[in-house]
Amino acid sequence: MKKILTIDNKVINSQPARYNSIDFVKFIMAFAVIAIHTRPLVNCTNNAVIEIYNNLVQMAVPFFFLASGYLLSKKIKMQDDNKEIDILKKHLYKIIKLYIVWMVVYTPLAIYGYVLDNTGLLKCILLYIRGVVFLGEQYNSLHLWYLLSTIYALIFIIILKKMKCNQRIMVTISIIFMFISVSLDWLSETDIILPYGMQIVQKLLLYTIVNGRIFRSMIYIPMGMYLAYNRLPIGANVVLLIGGFACNYFIDDIVLSGCLIVITSVGLFGIVEAVRLADSRIYGILRYMSTYMYLIHMYIWTFYYLIIYGEKTYGVDSFLVVSFVSIICSLIWYARTKMCY
C-alpha cells in the first residue's frame, strides 16, 4: 500500500481506489473556487455562457463539504457511539486549529483592508471579531468561511450523535437547514418592505452572519455522511444533476436556485463516487494540493493584482496566473513536507 502525507503532516496509507475519483474532482474544484474569486468571465456578455458557468462553479464548495462528510463517515464506520464522538471531536479540533492558523495568516490582509477603507480602530476590532466568529472571512480571505462553517457543522453533528440521532434524522435536519439557509439568503437581498419583526431580523443578519452561507455545511456534511452508506442508483444521480442544472438555468429565484444547487451537487457527487479509478500515488498528492491551493490562492491573487494593476482587478489573466502559482506553491509545500519525513 502506497503512503502519502496529509495536510497535517501525518504519514498515512493512501485511500482505497474508490476514493480516487473524489480526490481528482476535488482538485478540479479547487480551480473552480479560484475562478469564483478571480472571475475569468468578468467581461463576458453572453448570458447563456455566464449562467452555465455560474451553475458549474457553484457546485465547488458543496462538493468539498459532501466529500468531507462522506470520508468522515467512512472513518467512523462500525465504531460505537462514544468512539464515533471521539473521532468527530478530534476532527473538530483539527479544523479549529487549521482555521485559527489561516485566519492569523490572512490577518495582514485584513489590516490592509481596514487601512484601505480608513476604518477607525474600534470599528476594526469589532469587524475583525465579527469576521472570525460569524463570517469566517476578512479582507480577501472570503474562502475561510468554509472552515468556520465546517466547525459549526461538526459541533452540530456531535450534539446530534450525543442525542442518539440516526443518519436519517440528521439528513432530515440538514434539509431543514437548507430551507433556513436559502431563506436567510433571500432575506438579506430582498428589496421588499418587510413587517417590523422581519426588519429586525434583517438588521441582525447585517451585523452578524449577513446571509445563510454559514449554514451550508450543515446541509452538505450530514448528506455526505448519509451517502457514504446509502448510495443512489447512478441513473438517479444523473437525473438529479442534469435535471437540477437545467431547471437552475431557467430559474431566477434565489430560494429555488439555492435548493437546486443542493440537488445538482448531490447528483454530481453520486456520479463521481461511483467512478472507480486505478489506485495511484498521484491522487493522494492531488488531495493535498487541492487543500493547499484552496487555502493559499487569495494571497497569491492579492499580490498579483497589486503588483500588476495596483488595485483589485478580475479577469482571465488573474485566474490563469493564480492557478499556476497556486499549483507551484502546493507542489513546493508538498515536497518540503515530504522531505521532513
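**Exercise 1. State how much surface the protein chain exposes and what share of it carbon and sulfur atoms supply.**

Solution. The exposed surface of the protein chain comes to about 17,100 Å². Carbon and sulfur atoms supply 68% of this area. The model is predicted, and these values are computed from it.

**Exercise 2. Decide whether the protein chain is as compact as a globular protein of its length.**

Solution. Begin with the elements: the protein chain has 14 helices and two strands. Next, take the radius of gyration, which is 20 Å. The globule rule gives 20 Å for 341 residues, and the two values are close, so the protein chain is as compact as a globular protein of that length. Along the principal axes, its C-alpha atoms fill a box of roughly 55 × 50 × 45 Å.

**Exercise 3. Describe burial in the protein chain and its largest nonpolar core.**

Solution. First, burial: a residue counts as buried when its relative accessible area is under 20%. By this cut-off, 48% of the 341 residues are buried. Second, the core: the largest nonpolar core contains 95 residues. Helix α13 (residues 281-308) gives the largest share of this core, 15 residues. Third, the residues with the most contacts inside the core include Met-29, Trp-102 and Phe-269. Fourth, leaving aside neighbours within four places in sequence, Phe-269 is in contact with Ile-22, Phe-63, Leu-66, Ala-67, Tyr-70 and Leu-227.

**Exercise 4. Compare the positive and negative side chains of the protein chain.**

Solution. Count each set: there are 30 positive and 18 negative side chains. Then locate the centres of the two sets, which lie 12 Å apart.

Note on methods:
Residues are numbered from 1 along each chain as its sequence is written. This is a predicted model: local features need pLDDT of at least 70, side-chain atom pairs count only at pLDDT 80 or more; totals for chains, interfaces and linings use all residues. Side-chain values use heavy atoms; hydrogens and water are left out. Helices (H or I, at least four residues) and strands (E, at least two) are DSSP runs, numbered from the N terminus. The radius of gyration is taken over C-alpha atoms; the globule rule is 2.2 Å times the number of residues to the power 0.38. Buried means under 20% relative accessible area, exposed over 50%, partly exposed in between (1.4 Å probe, protein chains only). Accessible areas come from the Shrake-Rupley method with a 1.4 Å probe; for residues, only the protein chains shown count as cover. Lys and Arg count as positive and Asp and Glu as negative; His and the chain ends are not counted. The place of a charge is taken as NZ of Lys, CZ of Arg, CG of Asp or CD of Glu. A nonpolar core is a set of buried Ala, Val, Leu, Ile, Met, Phe, Trp, Tyr and Cys residues joined through side-chain atoms within 4.5 Å. Contact means heavy atoms within 4.5 Å.
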